[in-house]
Every structure is written in structure tokens, then in C-alpha cells.
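User: I'm a first-year student and I'd like a close look at one part of this protein. Could you walk me through a single helix and what surrounds it, in plain words?

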Amino acid sequence: MLSRKQITLPKYDTLLRQMGENIKLARKRRKLTAIQVAERAGIARSTLYLIENGEPSVAMGAYFNVLRVLGLQNDMGKLAADDDFGRKLQDLELLK
């Protein structure tokens, strides 16, 4: 199977890089090595490197497993939780 490079806009690349940096800082705060986290997450060390650099082509499951190892798995539940735009669209439909 061929893997395709995920293309993201530059402003979103910045968000992904920041998320990767946050993950790296969380790992370092816990005094865990990259090898320890990768092994516990069941991923290759090179995949953790990509995650910590905010690479968009890494599977969401790999990101989740790293967050789980760091005790931050509940952060995944916060993704798309506040859908202000969707609520506004729904409210407009309800007002018709």
C-alpha cells in the first residue's frame, strides 16, 4: 500500500508542530526517554520522532497511544468538543 504525504496549510502546520512540542515537553517532564515512550506506546522510535515534530502523516492511533503512555489520553476527548460553528448552523436551522 502506498502512503501519501498529508498536505496541510502552513498555519495548520504550526498548530501540529506546537502539539508535537507539547507532547515532547510532557515526555521530558515525566523524565521518560523517547525509547521508553515508543516501546510503551507500541510504536517505532522514528514514529515518536515524527509525532514530536507534528508530522501530519502519522496515524491518529499512534498519537493516542503516546498520549495514553503520558497519561494524557483524556485530551483526545477534547478534540472537536466545542463545535461553536456547528451549533450556530444548527440554531439557524431551528429558527426557520
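Analyst: Let's take helix H2 as our part and work outwards from there. Keep in mind that this is a predicted model, so every value below is computed from predicted atoms.

Start with where H2 sits in the chain. Helix H2 covers residues 34–41. Just ahead of the helix is the loop between H1 and H2, and Lys31 is found in that loop. Lys31 has a little surprise for you: its phi is positive, about 55°, although Lys31 is not a glycine. Lys31 also counts as exposed, because its relative accessible area is 73%. At the other end, H2 is followed by Gly42, which has a positive phi too, near 75°.

Now look at the helix itself. Which residues of H2 are buried? They are Ala34, Val37, Ala38 and Ala41. Seen down the axis of H2, these buried residues fall within an arc of 100°, so they line one face of the helix. Turn to the other side of H2 and you'll find Ile35 and Glu39, which are exposed. So one face of H2 holds the buried residues, while Ile35 and Glu39 sit exposed on the other side.

What covers that buried face? The cover includes H1, H3 and H4.

Let's zoom in on Ala34, which belongs to H2. Ala34 has a relative accessibility of 10%, and because the cut-off for buried is under 20%, Ala34 counts as buried. Leaving aside neighbours within four places in sequence, Ala34 is in contact with Arg27, Arg45 and Leu48. Ala34 also has a C-alpha 9.7 Å from that of Glu52, although the two residues are 18 apart in sequence.

Arg27 and Glu52 are worth a stop of their own. Their side chains meet in a salt bridge, at 2.6 Å from N to O. Glu52 lies in helix H3 and Arg27 in helix H1, so this pair ties together parts that are 25 residues apart in sequence. Is Glu52 buried or exposed? Glu52 is buried, because its relative accessible area is 8%. Arg27 is buried as well, with a relative accessible area of 8%. As a general idea, side chains of opposite charge can pair when their charged atoms come close.

The structure holds three salt bridges, so let's put the other two beside this one. One joins Lys78 and Asp75, with the closest N and O atoms 3.4 Å apart. Here Lys78 is exposed, with a relative accessible area of 58%, and Asp75 is partly exposed at 35%. The other is between Arg87 and Asp84, whose side chains meet at 3.8 Å, N to O. Arg87 and Asp84 are three residues apart in helix H5, which means about one helical turn separates them. Arg87 is partly exposed, with 41% relative accessibility.

Back to the inside, and to what H2 shares with the other helices. The largest nonpolar core has 18 residues, and Val37 is among those that touch the most other members, along with Ile23, Ile43, Leu48, Ile51, Val66 and Leu70. Helices H1, H2, H3 and H4 each supply at least two residues of this core, with H4 giving the most, five residues. Here's the general background: in soluble globular proteins, nonpolar side chains tend to be buried together.

Ile43 is a handy way to see how these parts meet. Not counting residues up to four places away in sequence, Ile43 touches Leu48, Ile51, Ala62 and Val66 among others.

Finally, compare H2 with H4. The buried residues of H4 are Ala62, Tyr63, Val66, Leu67 and Val69. They cover an arc of only 160° around the axis, which puts them on the same side of H4. What covers them includes H1, H2 and H3. H4 is part of the cover of H2's buried residues, and H2 is part of the cover of H4's. H4 is followed by a glycine, Gly71, with a positive phi near 80°.

To pull the picture together: H2 lines up its buried residues on one face, and H1, H3 and H4 help to cover them.

Definitions and conventions:
Residues numbered from 1 in each chain as written. Predicted model: local features only at pLDDT ≥ 70, side-chain atom pairs only at ≥ 80, totals over all residues. Heavy atoms only, no water. Core = buried A, V, L, I, M, F, W, Y, C linked by side-chain atoms within 4.5 Å. Buried < 20%, exposed > 50% of the residue type's maximum accessible area, 1.4 Å probe, protein only. Helix = DSSP H or I, 4+ residues; strand = E, 2+ residues; numbered from the N terminus. Contact = heavy atoms within 4.5 Å. Arc of directions from axis to C-beta. Salt bridge = Lys/Arg side-chain N within 4 Å of Asp/Glu carboxyl O.
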